[in-house]
Amino acid sequence: MQATENRNQDLGILTGDVLLFGGPYSNLHASTAMLDLAKISGTPATNRICTGDVVAYCGDPVETLHLWQNECVLVAGNCEQQLGAGAADCGCGFDDGSACDLLSKDWYPFANAALSNAERRYLATAPQTVTFTHLDRRYAVIHGGLNDVARFVWSVSPKVDFGQEISAIHALVGPIDCVVAGHSGIAFQAEIDGIEWTNTGVIGMPPNRGRPETQFGVLTDDGIKIEELSYDHAAARQSMESVGLIQGYEKALVLGYWPNEDVLPLSLRRASASASG
């Protein structure tokens, strides 16, 4: 992982609904649907916060980046850091030979080659954290973790994992009431020693449950609610296939299951979910 300077963007007090989403993943069709919803609801760009990884698995990296540029507040994900630095890989730290490691050898070079120097400079400027206050509660938005931007924190992760990240956030930005995170790709909500932790999922890839709809969050006066995003997933798959990205993620867009389930804790994999359901 490329080193990055600790930096925070404080948005001050936000009023009205706040759109919280992550992982556009070069999925232009999902991104267009998300932005259309934001505009229809009247949510301004200052109240649209992305947890990172605008550019990743899918077929339209430049177009997706241009769509969101100036249309949201962007937190640096590992893809922003790595692509911004012109690094050789996505920086997820996957085990050698894992499905994620093997699949990244296709999509990452494609995305890396597509970006201009100006686009890299934009990605490199994204802050490590974003903070804001909403109805007297202070929120910190991160990607995976603050100790490690590519850290996977799942709903079933040990409490100590959450605690380590919350402590790091406190050290960087001061007291907070809520953490909003991304990276892991599956939405969940938890409470850790009085701090709310919400992963709002990602919009560019379904959450491994056998349906194509993806996930995002909306903060209202009643707190954060996880919502589903429907979009033209068949067209997104066709976009991937047209540029030769045929390694499993294109099927996941339609079938709703990941080709890289080995990144998931055992209890979140398909077999476990079917057995418990």
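## Close-up views of a predicted model

**Figure 1. The buried side of helix α2.** Pro 61, Val 62, Thr 64, Leu 65 and Trp 68 are the buried residues of α2. Around the helix axis they cover an arc of only 165°, which puts them on the same side of α2. Asn 70 follows just after α2 and takes a positive phi of about 70°. The model shown here and in every other view is predicted.

**Figure 2. The largest nonpolar core.** This core has 48 residues. Phe 21, Met 34, Tyr 57, Trp 68, Trp 107, Met 205 and Phe 216 have the most contacts inside it. Two or more residues come from each of β2 (18–21), α1 (28–41), α2 (61–68), α3 (78–85), α4 (99–114), β10 (214–220), α7 (233–242) and α8 (249–255). Helix α1 gives the largest share, 5 residues. A second core of 16 residues is separate from this one. Ala 140, Ile 142, Val 179 and Ile 192 are among the residues of that second core.

**Figure 3. Trp 107 and its surroundings.** Trp 107 is among the residues with the most contacts inside the largest core. Beyond its neighbours within four places in sequence, Trp 107 contacts Ala 56, Tyr 57, Cys 79, Cys 90, Leu 245, Gln 247 and Tyr 249. Trp 107 also belongs to an aromatic cluster, together with Tyr 25, Tyr 57, Tyr 108 and Tyr 249. Both Trp 107 and Tyr 108 are buried.

**Figure 4. Two aromatic pairs.** The structure holds 9 aromatic pairs. In one of them, the rings of Trp 107 and Tyr 108 have centres 5.8 Å apart and planes at 75°, so the pair is edge-to-face. Phe 152 and Trp 154 have ring centres 5.3 Å apart and planes at 0°, so this pair is stacked. Phe 152 counts as partly exposed, at 23% relative accessibility. Trp 154 counts as buried, at 7%.

**Figure 5. Arg 270 over the ring of Tyr 257.** Arg 270 lies over the face of Tyr 257. The distance from the ring centre is 4.0 Å.

**Figure 6. Helix α5, buried face and exposed face.** Helix α5 spans residues 117–124. Glu 119, Arg 120 and Leu 123 are buried here. Seen down the axis of α5, the buried residues fall within an arc of 100°, so they line one face of the helix. An α-helix has 3.6 residues a turn, so residues three or four places apart point the same way. The face of α5 turned away from the buried side carries the exposed residues Asn 117 and Arg 121.

**Figure 7. Positive phi at two loop residues.** Tyr 25 is found in the loop between β2 and α1. Its phi is positive, about 55°, although Tyr 25 is not a glycine. At 5% relative accessibility, Tyr 25 counts as buried. Tyr 25 is also a member of the aromatic cluster that includes Trp 107. Asp 53 is placed in the loop between β3 (48–50) and α2. Asp 53 is not a glycine either, yet has a positive phi of about 65°. Its relative accessible area is 4%, and Asp 53 is buried.

**Figure 8. Thr 214 in strand β10.** Thr 214 is found in β10, a strand that gives two or more residues to the largest core. Thr 214 is buried, with a relative accessible area of 0%. Leaving aside neighbours within four places in sequence, its contacts include Val 202, Ile 203, Gly 204, Met 205, Pro 206, Pro 207 and Arg 209. Glu 227, Glu 228, Leu 229 and Tyr 231 are also among its contacts. Thr 214 and Glu 227 are 13 residues apart along the chain, and their C-alpha atoms are separated by 8.5 Å.

**Figure 9. Lys 251 in helix α8.** Lys 251 has its place in α8. Lys 251 is partly exposed, with a relative accessible area of 44%. Not counting residues up to four places away in sequence, Lys 251 touches Arg 237 and Gly 256. Gln 238 is 13 residues from Lys 251 along the chain, with 9.9 Å between the C-alpha atoms.

**Figure 10. Confidence along the chain.** The average pLDDT of the protein is 92. A score of at least 70 is reached by 91% of the residues. Over residues 273–277, pLDDT stays under 50. For these residues the model has 0 contacts beyond four places in sequence.

How values were computed:
Residues numbered from 1 in each chain as written. Predicted model: local features only at pLDDT ≥ 70, side-chain atom pairs only at ≥ 80, totals over all residues. Heavy atoms only, no water. Core = buried A, V, L, I, M, F, W, Y, C linked by side-chain atoms within 4.5 Å. Buried < 20%, exposed > 50% of the residue type's maximum accessible area, 1.4 Å probe, protein only. Helix = DSSP H or I, 4+ residues; strand = E, 2+ residues; numbered from the N terminus. Contact = heavy atoms within 4.5 Å. Arc of directions from axis to C-beta. Phe/Tyr/Trp six-rings, centres within 6.5 Å; stacked < 30°, edge-to-face > 60°. Lys NZ or Arg CZ within 6 Å of the ring centre and 35° of its normal. pLDDT = per-residue confidence, 0-100.
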